[in-house]
Amino acid sequence: MMAVAAAPALAQAPIKVGEINSYKVIPAFLEPYRKGWELAVEQINKSGGINGRPLEVISRDDNGAPGDAVRAAEELVSREGVVLLTGGFLSHVGLAVADFAKQRKMPFIASEPLTDKIVWENGNRYTFRLRASTYMQTSMLVEEAVKLNKRRWALVYPNYEYGQSAVASFKQLMSARQPGVEFVVEQAPPLNRIDAGSVAQAVADAKPDAIFNVTFGADLQKFVREGTTRGLFNDRVVLSVLGGEPEYLDPLRDEAPVGWIVTGYPWYAIDTPEHKAFLEAYRAKFNDYPRLGSVVGYSAMISVGEALRKAKSTDPEAIVAAAKGLEHMSPFGPIKYREIDHQSTMGAYVGRIGIRDGKGVMVDWRYEPGERHLPSDDVVKKLRPE
């Protein structure tokens with residue numbers, strides 16, 4: 001009788017998912033990110049959970065360090081019994097967790113790390129990536145760059161995997177699309193330790209026609225302010241990956257660099273049904289507006305839930321099989337995790353920076369579907385080890 005009575009309770013045991021991120025290091029993005037996945041978990045569980053079982057997320061902070069991230073992943077797998085890992089912000093940290101996933105044969109849905117290596121050169125069977133990569137977002141901006149026909153470019157980027165990857169893609173794509181283009185100066189300050197005055201002056205001294213910027217967060221704010229003070233952006237085109245994201249644009253307020261061409265998130269103007277539903281739910285729960293991190297956190301956890309639901313199992317190999325080709329709706333519309341490289345087709349918004357009501361906004365924007373900015377299968381097969 002005791003065994004019969006216990007069966008229903010055991011059937012309702014939660015499915016545990018491990019989440020790892022750099023909350024202390026990048027709070028501007030990751031505090032909204034946490035809210036996003038919390039909203040998704042609430043919605044999943046209110047709708048009946050995953051195949052009748054509630055979803056439980058156990059979260060750890062990796063301190064922005066690959067070693068800490070791997071230790072957290074090991075604890076989540078060995079001690080907490082999670083069936084899947086998700087999260088990641090910094091690219092080098094994401095690569096470390098992806099390698100752990102490969103070694104331990106543990107599914108990993110990397111939400112934010114933008115490095116191309118995570119699905120190409122270092123890609124593996126167990127790792128999937130949600131966000132549009134450096135290659136994809138750079139490709140979106142290159143479409144704008146070639147229209148301008150500027151010859152001499154300056155490159156400004158944080159000196160770690162994400163920045164290096166974005167600049168490598170920019171050089172490759174621009175050289176192919178605009179023969180004769182020159183890269184006259186590179187400034188690669190350490191992440192979160194930019195000497196913005198020196199960087200801006202070095203760029204100004206090179207007299208470029210245009211600037212490709214990959215800095216974000218506090219580094220971006222300092223670069224904008226020092227560059228503006230020196231007149232660096234006067235009559236000079238600037239392309240900026242992530243520059244239109246509210247996390248980084250909002251703190252600049254009326255100092256926002258008008259005219260910059262950026263990728264970002266104009267949450268205040270997107271009127272699709274799926275985004276309206278997300279916006280309404282987010283505001284109702286948090287009494288706040290979403291940032292891009294909110295969308296990424298929400299969409300990552302929806303991906304987790306849909307992969308588990310499709311697998312109808314917590315077996316790692318069943319989850320991996322389910323994630324290949326997985327399709328679901330996101331606040332940006334339908335996305336798919338490609339079978340060939342496990343990259344999702346989530347796109348990004350491209351536009352220019354303007355100022356309204358004393359704060360920076362994106363204007364003249366459009367949504368670029370991710371699938372338009374990915375290389376052919378033949379190219380991917382050459383890049384990916386398996």
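This briefing covers the sheet, one helix, the largest pocket and the cavities of the structure above. The model is a predicted one, and the values below are computed from it. Its five-stranded sheet is open and parallel in its pairing, its largest pocket holds about 260 Å³ of space, and three cavities of 30 Å³ or more are present.

**The sheet**

- The five strands of the open sheet follow the order 2-1-3-4-5, with parallel pairing, and the edge positions are taken by strand 2 (55-61) and strand 5 (127-129), each of which pairs on one side only.
- From one strand to the next, the twist of this sheet averages 25°.
- Strand 1, which covers residues 15-21, is joined to strand 2 in the parallel sense over seven bridges, and within this pairing V17 has V57 of strand 2 as its bridge partner.

**Helix 11**

- Helix 11 runs over residues 292-311, a stretch of 20 residues, and its span of 28 Å from the first C-alpha to the last is close to the 28 Å expected at 1.5 Å a residue.
- Most of helix 11 is covered, with 17 of its 20 residues buried, and just after the helix K312 adopts a positive phi of about 55°.

**The largest pocket**

- The largest pocket, with about 260 Å³ of space, has a lining of 14 residues, and those nearest its centre are D116, W120, E121, S169 and Q172.
- Helix 6 (161-177) and helix 13 (377-383) are the elements that give two or more residues to this lining, and helix 6 gives the most, with six residues.
- In terms of residue class, the lining of the largest pocket is made up of six nonpolar, four polar and four charged residues.

**The cavities**

- The largest cavity has a volume of about 60 Å³, and the residues that line this cavity are F89, L90, S91, E112, L114, Y160, Y162, F216 and L242.
- Seven residues in the lining of the largest cavity are nonpolar, one is polar and one is charged.
- The second largest cavity, at about 40 Å³, is lined by R131, Q137, E245, G264, L292, F332, G347 and A348, and the class division in this lining is three nonpolar, three polar and two charged residues.
- Among the residues lining the second largest cavity is L292, a residue that also belongs to helix 11, given the range 292-311 of that helix.

Notes: Residues are numbered from 1 along each chain as its sequence is written. This is a predicted model: local features need pLDDT of at least 70, side-chain atom pairs count only at pLDDT 80 or more; totals for chains, interfaces and linings use all residues. Side-chain values use heavy atoms; hydrogens and water are left out. Two strands pair if DSSP finds at least two bridges between them. Helices (H or I, at least four residues) and strands (E, at least two) are DSSP runs, numbered from the N terminus. Axes are lines fitted to C-alpha atoms, for helices over the stretch in contact, and angles run from 0 to 180 degrees between N-to-C directions. The expected span of a helix is 1.5 Å times one less than its number of residues. Buried means under 20% relative accessible area, exposed over 50%, partly exposed in between (1.4 Å probe, protein chains only). On a 1 Å grid over the protein atoms alone, a cavity is a set of points where a 1.4 Å probe fits but cannot get out, and a pocket is an open set with protein on both sides within 12 Å along at least five of seven lines; lining residues have an atom within 4 Å of a point. Grid points are joined across faces, edges and corners, and a volume is the space filled by probe spheres set on the points. Ala, Val, Leu, Ile, Met, Phe, Trp, Tyr, Cys and Pro count as nonpolar, Asp, Glu, Lys and Arg as charged, and the others, Gly among them, as polar.
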